Amino acid sequence: MSAVHDPVVPGFTILTMEAVFMRTWRPLFVLSMAVLCLGLLLGAEPALAQKKTLVVALNQDPDILDPTLARTYVGRIVFEQMCEKLYEIDENLRIFPQLAADLPTVSDGGKTVTIKLRPNVKFNDGTPMNAEAVRYSLDRHLNMKGSNRRSELESVNSIDVVDPLTVRLRLKVPSSPLLAILADRAGMPVSPAVATKLGDKFGTAPVCVGPWQYVERVSQDRIVLERSPHYFDKSVAKFDRLVFRIIPDDNVRLANLRSGDIDMMHLVAPTDAANLRKEGKYEVSSVTGIGYSGITINLRNKNGKPPAPPGDLGTPLANDPRVREALDLSIDRVALNQVAWDGQYTPGCTPISPVSPFADKSRKCPTRDVTKAKKLLADAGQGNGYSFEMMIVNDPQQRRVAEVVQGMAKETGFNISLKPSEFASALNENDAGKDQAFLIGWPRRSRCQHLPVPDVRSLAQHHPGVRRGAGRDPEPGARGERRRPAHFALSPSHRQVRLRAAEHPVPLSPQLHRLVSQESQRLQGGAGRAHPPEGRVLAVALRRRPVPRGPCAGPAA
């Protein structure tokens, strides 16, 4: 696949919703925001001994709790407690062994990866987690129908059991991001006994390795876990039960926190941060993340994800880059930050988080240009205005951002209608190509997922989350060649930007980050992290000995 040379749209990251990436534009808004974490976070050790159940409020209901099929950010928060991985990521995004005994050994020019496993580990059904179980799980991730891990593990050619505690992966080509991939859902072993029995219903009663095990789920209400009797380190789980309550409304979550009905709150709205600081009962911190929020534009996803063929949507938004550039120029990043996020984010316009060593500190963001935007629309034959529908997740913060974008774009001739949808349903519609544009984020996990290394290619090239637009279109002059999704990035938290040697990078902009990335700062004496991977703070909160104070959420001492 050769690079696509579309005109650069100042300010927006455009990931076109195609199975492959078209050249993406610069992010509209690099939001270096922050997780605002609050709640009854852990105090001294005696206090932990008294509390047997921790209640955590999530802002969205996760999709299926099956590591092979799952896609959502909030799902990772739950998985973190009950489905450990071969490798994990620390607060500085360094990868370390979790269920593996050590970092892998690499031979044959990078095409053979050998993984030694931790001994005496059991799944939460009491069956052994050994090399055969890991082989089964990786094979399931690769070959199960509907797997969202297949593209991540595409470099794997074969999986061999060397001995009961050793697995060997033979790769088609060397893969730089493989270790980071195995530090995410693709690296979560599942119980072969339960997975074989339940098949694609495994997510209704998942069994992995973790300090807590699955008990029940009531859709749109709660997910309950309890301490596992099979976990190899009995000291890790500080609570007997974990209850994840699904509370999409920011105000309701906050009211539940203040009333004491929940102990920890995921995702604090920027509008509430100042008041919470003033109350004096909570510590609120901002941490620059490594993910993004953006507007994904459907270019050629007419029939759903591959292998379904792409199709011509027949819309100016999909077919004319001048229309997309005009939309980009409609947005005032600084004003968007002030109005939608109370000025708590950092405007930017590159795909790399401002805290990354690869960030271009010299880059200046383009400013809003209504005159030029109107001219571009006129040149594209849309001088009388252009209308399209944008899907949004149905929560107050997303609506606030969408309404600000809607109002700004109206001044340049765009009439954007908003289509609110429940999160998992929105992802399904996006996969199916039923949307024109989608205000959505992208979670990143580790530094190696956004390094500008030509060999780091798997997820930018193939990750289902990026492929949601799933259409492909021929590049001019290269008939049959395909290009990747276009995406307008709105906000930063920078998670993964990956690229392929012969292609442009996929700039994704940063986004508002979650509660779970600040807990670790407090519990480790305020050491802090520049790139908090999602799901980790809560895990650190529940598993590590707390340090009395630090820059994180929780009742002030």
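This passage walks through the overall build of the structure, then its nonpolar cores, its aromatic rings and its salt bridges.

The structure described here is a predicted model. Its secondary structure comes to 16 helices and 17 strands. The protein has 557 residues, and 61% of them count as buried. Contacts that span long stretches of the sequence are well represented: among those between residues at least 6 apart in sequence, 73% join residues at least 24 apart. As for the outside, the protein exposes about 19,400 Å², and carbon and sulfur atoms supply 51% of that area.

A good place to look next is the interior. In soluble globular proteins, nonpolar side chains tend to be buried together. Here, the largest nonpolar core brings together 62 residues. Within this core, the residues that touch the most other members are Ile-115, Leu-153, Leu-169, Leu-182 and Phe-244. The element that gives the most to this core is helix H2, which spans residues 73–82 and supplies six residues. There is also a second, separate core of 32 residues, with Leu-317, Ala-318, Val-405 and Phe-414 among its members.

Phe-414 turns up again among the aromatic rings. A search of the whole structure finds four aromatic pairs. One of these joins Tyr-231 and Phe-232, whose ring centres are 4.4 Å apart; their planes meet at 35°, so the pair is tilted. Tyr-231 has a relative accessible area of 6% and is therefore buried, whereas Phe-232 counts as partly exposed at 29% relative accessibility. Another pair is formed by Phe-388 and Phe-414, with ring centres 6.2 Å apart and planes at 85°, which makes the pair edge-to-face. Phe-388 belongs to strand E14 (residues 386–393) and Phe-414 to strand E15 (residues 414–421), so this pair ties together parts that are 26 residues apart in sequence. Both Phe-388 and Phe-414 are buried. Together with Tyr-386, these two residues form one aromatic cluster. Elsewhere, a ring meets a charge: the charged end of Arg-140 sits over the ring of Phe-202, at 5.1 Å from its centre.

Charged side chains also meet each other, and the structure holds 25 salt bridges. One of them links Arg-71 with Asp-63, where the closest N and O atoms are 3.9 Å apart. Where do the two partners lie with respect to the surface? Arg-71 counts as buried, at 15% relative accessibility, and Asp-63 is buried too, with a relative accessible area of 9%. This bridge does not stand alone, as Asp-63, Arg-71 and Asp-431 are linked in a network of salt bridges.

Two further salt bridges connect separate elements of secondary structure. In one, the side chains of Lys-116 and Asp-163 meet with an N to O distance of 3.9 Å. Lys-116 lies in strand E6 (residues 112–116) and Asp-163 in strand E7 (residues 156–163), so the pair ties together parts that are 47 residues apart in sequence. Lys-116 is partly exposed at 45% relative accessibility, as is Asp-163 at 29%. In the other, Glu-279 forms a salt bridge with Arg-258, and the closest N and O atoms are 2.2 Å apart. Here the elements joined are helices: Glu-279 lies in H7 (residues 270–279) and Arg-258 in H6 (residues 250–259), so parts that are 21 residues apart in sequence are tied together. Glu-279 is partly exposed, with a relative accessible area of 33%, and Arg-258 is likewise partly exposed, with 39%.

Key
Residues are numbered from 1 along each chain as its sequence is written. This is a predicted model: local features need pLDDT of at least 70, side-chain atom pairs count only at pLDDT 80 or more; totals for chains, interfaces and linings use all residues. Side-chain values use heavy atoms; hydrogens and water are left out. Helices (H or I, at least four residues) and strands (E, at least two) are DSSP runs, numbered from the N terminus. Buried means under 20% relative accessible area, exposed over 50%, partly exposed in between (1.4 Å probe, protein chains only). Contact means heavy atoms within 4.5 Å. Accessible areas come from the Shrake-Rupley method with a 1.4 Å probe; for residues, only the protein chains shown count as cover. Rings of Phe, Tyr and Trp (its six-membered ring) pair if their centres lie within 6.5 Å; planes under 30 degrees apart count as stacked, over 60 as edge-to-face and the rest as tilted. A charge sits over a ring if NZ of Lys or CZ of Arg is within 6 Å of the ring centre and within 35 degrees of the ring normal. A nonpolar core is a set of buried Ala, Val, Leu, Ile, Met, Phe, Trp, Tyr and Cys residues joined through side-chain atoms within 4.5 Å. A salt bridge is a side-chain nitrogen of Lys or Arg within 4 Å of a carboxyl oxygen of Asp or Glu.
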